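I sat down with this one today and kept a running notebook. Have a look at the sequence and the structure first, then read along.

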Amino acid sequence: MSRITITINGKAETREVEDRTLLVQFIREHVGLTGTHVGCDTTQCGACTIHLDGEAVKSCTVLAAAADGCEVTTIEGLADGPKLHPVQQAFHEHHGLQCGYCTPGMIMASVDMIRRHDGVLDEQTVRHELEGNICRCTGYHNIVKAVLDAAEKHRAAHAVAAE
Ligand code: FES
Ligand code: FES
């Protein structure tokens with residue numbers, strides 16, 4: 001057992017965990033934030049994607065103890081109170097989900113993708129970047145539309161901010 005502290009969505013969470021505890025188990029079972037989903041636990045589906053120190057990672061591939069002292073953002077930490085994050089809003093407007101199981105991971109991966117590319121994205125790049133996130137419902141078309149729209153808005157917002 002180890003005593004670890006991980007800051008999740010701005011709140012320090014300290015727990016005693018077994019050494020084999022995965023980060024996704026820490027988030028869901030120890031802290032109770034169940035918006036991060038488990039679709040496979042073998043690094044294939046991306047449903048468990050969160051941000052670890054600002055970068056998207058599959059939280060079923062990280063031991064909780066390895067994230068001791070780190071900052072994590074989950075889907076619950078994206079919105080600004082009642083105001084959705086722009087990527088959440090874009091998924092909503094473009095119907096980028098059906099059952100919603102993949103959606104938290106899709107959105108966390110997309111937020112990181114838009115940040116890394118400064119919002120400069122084309123369809124091919126979005127599809128390539130989302131290869132690690134599997135959706136069994138949507139056929140991906142509306143997800144890609146949502147990411148491209150959010151990327152465009154990100155670019156526009158940063159252009160205005162830079163003026
Ligand atoms: S649950 Fe982590 S990649 Fe599927
Ligand atoms: S919306 Fe159902 S798995 Fe993607």
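Here are my entries, beginning with the domains and ending with the backbone.

**Entry 1: the domains**

I reminded myself before anything else that this is a predicted model. I looked up the domain assignment, and it gives domain 1 (2-77) and domain 2 (86-162). I then checked how far apart they sit: their C-alpha centres lie 22 Å apart. I also looked up who touches whom, and found 18 residues of domain 1 in contact with 14 residues of domain 2.

**Entry 2: the largest pocket**

Where does the largest pocket lie with respect to domain 1 and domain 2? I found that both domains give residues to its lining, so the largest pocket lies between them. Its space comes to about 160 Å³.

I wrote down the lining in full: Gly39, Cys45, Gly46, Ala47, Cys99, Tyr101, Cys102, Ile134, Cys135, Arg136 and Cys137. Sorted by class, that lining has eight nonpolar, two polar and one charged residues.

**Entry 3: helix α1**

I moved on to helix α1, residues 23-30, and asked which of its residues are buried. They are Leu23, Val24, Phe26 and Ile27. Looking down the axis of α1, I see these buried residues fall within an arc of 165 degrees, so they line one face of the helix.

What covers the buried residues of α1? The cover includes the strands β1 (2-8), β2 (11-17), β3 (49-52) and β5 (71-73). After α1 comes Gly32, and I noted its positive phi, near 85 degrees.

**Entry 4: Thr36**

Staying in this part of the chain, I picked out Thr36, which sits in the loop between α1 and β3. Is Thr36 buried or exposed? Its relative accessibility is 1%, and the cut-off for buried is under 20%, so Thr36 counts as buried.

I listed its contacts, leaving aside neighbours within four places in sequence. Thr36 touches Val24, Ile27 and Arg28, then Ala47, Cys48 and Ile50, and further along Ser59, Thr74, Ile75 and Glu76. Two of these names were already in my notes: Val24 and Ile27 are among the buried residues of α1. Ala47 was there as well, as one of the residues lining the largest pocket.

**Entry 5: helix α2**

I gave helix α2, residues 86-93, the treatment I had given α1, and found Val87, Gln88, Ala90 and Phe91 buried. They cover an arc of only 160 degrees around the axis, which puts them on the same side of α2.

Against what do the buried residues of α2 pack? They pack against α3 (103-116) and α5 (141-162). His95 follows α2, and its phi is positive, near 55 degrees.

**Entry 6: positive phi in two loops**

A reminder to myself: most residues other than glycine have a negative phi. With that in mind I looked up two more loop residues.

Asn9 is not a glycine, yet its phi is positive at about 50 degrees. I placed Asn9 in the loop between β1 and β2. Asn9 is partly exposed, with a relative accessible area of 30%.

Asp118, also not a glycine, has a positive phi of about 50 degrees. Its place is the loop between α3 and α4 (123-129). With a relative accessible area of 54%, Asp118 is exposed.

Terms used. Residues numbered from 1 in each chain as written. Chains lettered and ligands numbered in written order. Predicted model: local features only at pLDDT ≥ 70, side-chain atom pairs only at ≥ 80, totals over all residues. Heavy atoms only, no water. 1 Å grid on protein atoms, 1.4 Å probe; cavity = no way out; pocket = protein on both sides within 12 Å on 5 of 7 lines; lining within 4 Å. Points joined across faces, edges and corners; volume = space filled by probe spheres on them. Nonpolar A, V, L, I, M, F, W, Y, C, P; charged D, E, K, R; others polar. Domains from an automatic or database assignment. Buried < 20%, exposed > 50% of the residue type's maximum accessible area, 1.4 Å probe, protein only. Helix = DSSP H or I, 4+ residues; strand = E, 2+ residues; numbered from the N terminus. Arc of directions from axis to C-beta. Contact = heavy atoms within 4.5 Å.
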